[in-house]
Amino acid sequence: MNFFQLECFVSAVEKGSFAEVAAALHVTQPTITYQINNLEDELGEKLFRRTQKGVEATAAGQLFCEDATAILERYRSALERFRYGAEASAPVIRLGFTRLPDNYDIFAAVHRFRVQYPDTVVDVAQNGIVADSAEEKARFDVLMHYRYHQDDFADMCYVPLGRCPYYVTVSQYSPLAEREALKLEDLRGFRQLVIEEYKNSAFQVPSLRELRRAGIEVTAFENMDQLMYAIADGVGFGVYPAKYREMKAGFKRVPLCGLEALEYGLLYHPAHSAETELFLQFLINELRDVPVR
């Protein structure tokens, strides 16, 4: 038994989905399943049962979750105390994201940097999408950025790393899943599903104007979970830029032709430390122009 297994287990109890835990911890779903299976083998009890929407804890799982949560809280508390003491004497670089990352190579690059430069602390944001406000930007030394709206970051420097293409995400049972590639006109008669928050913003690609011109209806959902359930149920399709993110079971990702691949790169403040400059150059050398898989 290890702390990563406990983290996977407690997160799965809270989220009710191995796939969502995998996305949150930046690993693949089989990794989560493997960790849970090992934990069940060690305890000699089934901790989860399958449901139509995902998983739910068994009685044994609910009982164990209380102790596992307490263990993790003690573990995190101990790490915080150590980290506070370490950061008092070590340079700290804070890395954030302007949206949830699709390119997970950055986490491997950060790990390699930590190994090569153990005296520098890299603090990676764990709270999802970073707001575009001046206060949020000021919290970070480096931001991984998808270049939707560079004007919002005019006070920061930007270095491009590469591009990632757009895909149509559909249920594996959708007629669209049978195609090798799609154009916007191929989607006529199907419904695009979007997040309510982004439907009238630069984050909505294609724009609502393009969709209406193509004769495509749009339905907005409150959050991504609702949207993905609707896609799985065959209600419609989604369009997203992606490079490495794996698809959940039951979905298929089909390349969308005719949209320019989305550029991504790093944002940083003009006045930055020597440690931040070293970190930037390391990431650029590690990540720039990595071929699309």
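Q: Which residues does Thr-276 touch, not counting residues up to four places away in sequence?
A: Thr-276 touches Ile-93, Asp-141 and Val-142, where contact means heavy atoms within 4.5 Å. This is a predicted model, in which local features need pLDDT of at least 70, side-chain atom pairs count only at pLDDT 80 or more, and totals for chains, interfaces and linings use all residues. Residues are numbered from 1 along each chain as its sequence is written, and side-chain values use heavy atoms, with hydrogens and water left out.

Q: Why does Thr-276 count as buried or exposed?
A: Thr-276 has 2% relative accessibility. Buried means under 20% relative accessible area, exposed over 50%, and partly exposed in between (1.4 Å probe, protein chains only). Thr-276 therefore counts as buried. Its place is in helix H9 (residues 274–287), a helix being a DSSP run of H or I with at least four residues and a strand a run of E with at least two.

Q: At what angle do the axes of helix H1 and helix H2 cross, and how close do they come?
A: The axes of H1 (residues 3–15) and H2 (residues 18–25) cross at roughly 125° and come within 9 Å. Such axes are lines fitted to C-alpha atoms over the stretch in contact, with angles from 0 to 180 degrees between N-to-C directions.

Q: Why is H1 called oblique to H2?
A: Under 35 degrees is roughly parallel, over 145 roughly antiparallel, 65 to 115 roughly perpendicular, and the rest oblique. The crossing at roughly 125° falls in the rest, so H1 is oblique to H2.

Q: What makes the contact of H1 with H2, by class?
A: There are 7 nonpolar, 1 polar and 3 charged residues. H1 gives Phe-4, Glu-7, Cys-8, Ser-11, Ala-12 and Lys-15, and H2 gives Phe-18, Glu-20, Val-21, Ala-24 and Leu-25.

Q: How do you know that S3 pairs with strand S4, and in what sense?
A: Pairing takes at least two DSSP bridges. S3 (residues 92–97) and S4 (residues 121–124) have 4, in the parallel sense; Val-92 has Val-121 as its bridge partner in S4. S3 also has 3 bridges to strand S5 (residues 142–146), again parallel, with Gly-96 partnered by Leu-143.

Q: What makes S4 and S6 edge strands?
A: Each pairs on one side only. The open sheet has the order S4-S3-S5-S12-S6, with mixed pairing. S6 pairs with strand S12 (residues 262–268) in the antiparallel sense over 7 bridges, and Arg-163 stands opposite Glu-263 in S12.

Q: Which strands does H9 touch as it packs on the sheet?
A: H9 touches S3, S4, S5, S6 and S12, and its direction makes about 160° with that of S12.

How values were computed. Ala, Val, Leu, Ile, Met, Phe, Trp, Tyr, Cys and Pro count as nonpolar, Asp, Glu, Lys and Arg as charged, and the others, Gly among them, as polar.
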